[in-house]
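Here are some short exercises to try with a protein model. Read each task, have a go yourself, and then follow the solution step by step.

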Amino acid sequence: MQPLTHALIVIDMQNDFCPGGALAVAGGDDIVDGINELMADFQTVILTQDWHPAGHSSFASSHPDAAPMDVVDMPYGPQVLWPDHCIQGTTGAAFHERLRTDGDLIIRKGYNPAIDSYSAFFENDHATPTGLEGYLRTRGITKLTMVGLALDFCVNYSAVDAAKLGFDVSVRTLLSRAIDVGGSLEAALNGMRAAGVSVTT
């Protein structure tokens, strides 16, 4: 059993990111059982949940003549446009039915209609906090293990932000799955390692 100072963060294991969902990650549901088993080894488990209002600015449908996976310039920088997904209160936004959800905390992100939020720590302006850092500091947690979806986006951003904040961070790739668009997986793995994240199987 891991000590109380070591938390497991399970990123966005939601229906819309699993096969059959609006923004499905290949094999996204294959890791559910393994994540549940890993949870049993942690006294502190935190889950994150993409939680968008309808018409979110990161949706391609919110931009005339845009298509999913296009990139646009937003006030906070480049933004990939996605299919409508994880809309608040919908089945797509719900956690996968097999996932254990009896963790200590659920962090909902992406609920500001004007800005996306990949990271569990900050919105995509890299400045507006979600509150997770404060929670971890208050609990005396210094070490984090991350798993979930998608490895090259929300897991990646969360891990890099955590490392920059001074946490000891590891990412378990066998319990994560990637979208891998335009070389995003390789770039994410390189970026995480460069930030001091331990990338393990």
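Helices and strands here are DSSP runs, with at least four residues for a helix and at least two for a strand, numbered from the N terminus. Keep in mind that this is a predicted model.

**Exercise 1. Reading the fold**

Task: Find how many helices and strands the protein has, and write down their order from the N terminus.

Solution:
- Step 1: Count the elements, and you should arrive at four helices and eight strands.
- Step 2: Walk along the chain from the N terminus, and the order reads β-α-β-β-β-β-α-β-α-β-α-β.
- Step 3: Now look at the overall dimensions. The radius of gyration is 16 Å, close to the 17 Å given by the globule rule for 201 residues, so the protein is as compact as a globular protein of that length.
- Step 4: Along the principal axes, the C-alpha trace spans about 50 × 35 × 30 Å.

**Exercise 2. Inside and outside**

Task: What percentage of the 201 residues count as buried, and how much accessible surface does the protein have?

Solution:
- Step 1: A residue is buried when its relative accessible area is under 20%. Of the 201 residues, 51% count as buried.
- Step 2: The accessible surface comes to about 8,500 Å², and carbon and sulfur atoms hold 52% of that surface.
- Step 3: Turn to contacts with a separation of 6 or more: 73% of them are between residues 24 or more positions apart.
- Step 4: Finally, consider charge. The protein has 11 positive and 24 negative charges, and the mean positions of these two sets are 10 Å apart.

**Exercise 3. Following the aromatic rings**

Task: How many aromatic pairs does the structure hold, and which residues form one aromatic cluster?

Solution:
- Step 1: The structure holds five aromatic pairs.
- Step 2: One of them joins Trp82 and Phe153, with 5.1 Å centre to centre and 90° between the planes. Planes over 60 degrees apart count as edge-to-face, so this pair is edge-to-face.
- Step 3: Locate both partners. Trp82 sits in the loop between strand E4 (77-80) and strand E5 (105-109), while Phe153 belongs to helix H3 (residues 151-164), so the pair links parts of the chain 71 residues apart.
- Step 4: Check the burial of each. Trp82 is buried because its relative accessible area is 4%, and Phe153 counts as buried at 10%.
- Step 5: Phe153 also pairs edge-to-face with Tyr118, at 5.7 Å centre to centre and 75° between the planes. Tyr118 lies in the loop between E5 and helix H2 (132-139), 35 residues from Phe153. With a relative accessible area of 6%, Tyr118 is buried.
- Step 6: Put the rings together: Trp82, Tyr118, Phe153 and Tyr157 form one aromatic cluster.

**Exercise 4. Two helix residues**

Task: Is Asn156 buried or exposed, and how far apart in space are Gly134 and Leu23?

Solution:
- Step 1: Find Asn156 in helix H3. Its relative accessibility is 11%, so Asn156 counts as buried.
- Step 2: Leaving out residues up to four places away in sequence, Asn156 touches Ala150, Leu151, Ala188 and Met192.
- Step 3: Move to Gly134 in helix H2. At 39% relative accessibility, Gly134 counts as partly exposed.
- Step 4: From C-alpha to C-alpha, Gly134 and Leu23 are 30 Å apart in space, and 111 residues separate them in sequence.

Methods
Residues numbered from 1 in each chain as written. Predicted model: local features only at pLDDT ≥ 70, side-chain atom pairs only at ≥ 80, totals over all residues. Heavy atoms only, no water. Rg over C-alpha atoms; globule rule 2.2 N^0.38 Å. Buried < 20%, exposed > 50% of the residue type's maximum accessible area, 1.4 Å probe, protein only. Contact = heavy atoms within 4.5 Å. Areas by Shrake-Rupley, 256 points an atom, 1.4 Å probe, with all protein chains shown as cover. Lys, Arg positive; Asp, Glu negative; His and termini not counted. Charge placed at Lys NZ, Arg CZ, Asp CG, Glu CD. Phe/Tyr/Trp six-rings, centres within 6.5 Å; stacked < 30°, edge-to-face > 60°.
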